[in-house]
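Dear colleague,

I am passing on to you the structure we spoke about, with the sequence alongside, and below it you will find an account of what came out of going through it. Please read the account with the structure open beside you.

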Amino acid sequence: MGDVTTMTTTERTTGRSPDRRRPELGAFLRGRRARVTPEDMGMPAGPRRRTPGLRREEVAQLSGVGVTWYTWLEQGRPINASPQVLDAVARTLRLDRPEREHLYHLADVPFASAHEDPGQSVSPQVQGILDSVYPMPAVVYNGRFDLLATNAAYRALFIVVPTPPPRIANALRTLFLAPEGTCPLVNREAELPVMVATLRSGYGRHVGEPAWEGFIGELAAASPYFAGLWESGDVVPPGPRVKTFRCDRAPGELRMTSTSLSIDGMPECRIVVYSPADDATRAYLDTERDNEPDNEKSRP
């Protein structure tokens with residue numbers, strides 16, 4: 001169930017204490033517990049009830065965990081919680097997906113999304129945003145650089161090959177496994193290490209998840225260059241960068257600034273738009289503005 005003296009994964013591997021998370025975890029559980037009534041769970045309220053919502057012992061009983069263990073969890077004591085136990089508590093407290101993910105984060109447990117693969121769909125409104133910024137390349141990435149949505153300019157620049165489901169196209173896979181001389185990044189040796197470090201910044205929330213571990217293992221086996229960069233352990237968050245691209249249709253190199261925008265309701269996903277960073281690139285994109293084929297518009 002849990003060991004009051006056992007250190008968490010974060011404490012063992014990084015030396016970082018999650019003490020600041022624990023008071024938040026207790027407050028979060030108390031708040032969620034207060035909104036669930038005994039009637040909601042098919043239980044009689046009973047006379048002289050003073051506690052709003054469920055009592056601690058009721059949550060423990062309904063979740064199949066010990067009362068002492070659950071009390072310690074709410075009190076923010078340094079105990080371990082397995083995904084199975086957190087799921088049971090989440091069901092009892094009727095947590096929705098964002099609340100469940102928040103619970104995992106506060107408990108310092110990797111969150112295994114019911115879908116962090118192809119099921120993480122992009123709404124027509126988000127796809128419309130990508131299409132509306134043409135001729136600037138735009139894409140929706142998740143934390144692994146899966147391509148959840150793109151516009152025609154992005155597909156032309158990065159030469160995105162359609163991928164049959166359930167496999168999903170991935171920017172890192174494309175860039176690391178591109179044949180010699182076909183990578184669109186001019187400064188490949190400068191840019192790819194940053195992308196791998198960005199990948200690692202998201203990996204900490206998904207250690208042990210099959211989708212992440214399988215992807216990293218697959219790419220490391222296929223690309224010794226990726227494997228070496230991954231072993232370096234470098235970490236950087238997503239952020240704006242000026243990148244230089246080569247494109248067969250352009251008269252020269254294209255310099256673009258990548259800007260990341262978060263998306264409501266899609267944690268760890270971001271829209272990335274590549275805007276011109278110099279006059280020559282701006283002029284080239286202006287000539288492309290009216291060249292998007294009709295059958296490419298609004299394509300997912």
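To begin with one residue close up: once its neighbours within four places in sequence are set aside, E288 is in contact with Y134, P135 and R249. Please keep in mind throughout that this is a predicted model. E288 belongs to helix α13, which covers residues 279-288, and with a relative accessibility of 11% E288 counts as buried, because the limit for that class is under 20%.

Turning to the sheet, five strands make up an open arrangement in the order β2-β1-β5-β4-β3, and the pairing is antiparallel. The edges are taken by β2 (147-150) and β3 (241-245), each of which pairs on one side only. From one strand to the next the twist averages 30°. Within this sheet, strand β4 (residues 254-262) and strand β5 (residues 270-276) run antiparallel and are joined by seven bridges; one pairing that you can look up directly is that of L261, whose bridge partner in β5 is I271.

Two helices should be viewed together with the sheet. Helix α10, made of residues 188-203, packs on the sheet and touches β3 and β5, and its direction makes about 130° with that of β3. Helix α7, made of residues 124-132, lies across β1 (138-141), β2 and β5, and runs at about 55° to β2.

What surrounds V140, a residue of strand β1? Leaving out the neighbours within four places in sequence, V140 is in contact with V122, V126, L130, D146, L147, L148, A149, I263, R270 and I271. V140 is buried, with a relative accessible area of 0%. As for V122, which is 18 residues away along the chain, its C-alpha atom and that of V140 are separated by 8.2 Å.

The aromatic residues deserve a paragraph of their own. How many aromatic pairs does the structure hold? There are twelve aromatic pairs in the structure, and one of them is formed by Y154 and F158, a stacked pair with 4.3 Å from centre to centre and 20° between the planes. Y154 and F158 are four residues apart in helix α8 (residues 152-158), so about one helical turn separates them. In general, an α-helix has 3.6 residues a turn, so residues three or four places apart point the same way. Both rings belong to buried residues, Y154 having a relative accessible area of 1% and F158 one of 6%. Another pair is that of F226 and W230, which counts as stacked because the ring planes lie at 20° to each other, with the centres 6.0 Å apart. F226 and W230 are likewise placed four residues apart, about one turn, in helix α12 (residues 224-232); F226 is buried with a relative accessible area of 0%, and W230 is buried with a value of 9%.

Beyond these pairs, Y141, F145, Y154, F158, F245 and Y274 form one aromatic cluster. Two arginines are also placed over aromatic faces: R270 lies over the face of F145, at 4.9 Å from the ring centre, while R200 lies over the face of W230, at 3.9 Å from the ring centre.

Next comes helix α6, which spans residues 97-106 and in which E99, R100, E101, L103, Y104 and L106 are buried. The cover over the buried residues of α6 includes α2 (21-34) and α5 (83-92). Just after α6, D108 takes a positive phi of about 65°.

Lastly, the cysteines. A disulfide is a covalent bond between the sulfur atoms of two cysteines, and a search of the whole structure finds zero disulfides. Of the cysteines that I looked up, C183 counts as buried because its relative accessibility is 6%, and C269 counts as buried because its relative accessibility is 5%.

With best regards

Methods:
Residues are numbered from 1 along each chain as its sequence is written. This is a predicted model: local features need pLDDT of at least 70, side-chain atom pairs count only at pLDDT 80 or more; totals for chains, interfaces and linings use all residues. Side-chain values use heavy atoms; hydrogens and water are left out. A disulfide is a pair of cysteine sulfur atoms within 2.5 Å. Buried means under 20% relative accessible area, exposed over 50%, partly exposed in between (1.4 Å probe, protein chains only). Contact means heavy atoms within 4.5 Å. Two strands pair if DSSP finds at least two bridges between them. Axes are lines fitted to C-alpha atoms, for helices over the stretch in contact, and angles run from 0 to 180 degrees between N-to-C directions. Rings of Phe, Tyr and Trp (its six-membered ring) pair if their centres lie within 6.5 Å; planes under 30 degrees apart count as stacked, over 60 as edge-to-face and the rest as tilted. A charge sits over a ring if NZ of Lys or CZ of Arg is within 6 Å of the ring centre and within 35 degrees of the ring normal.
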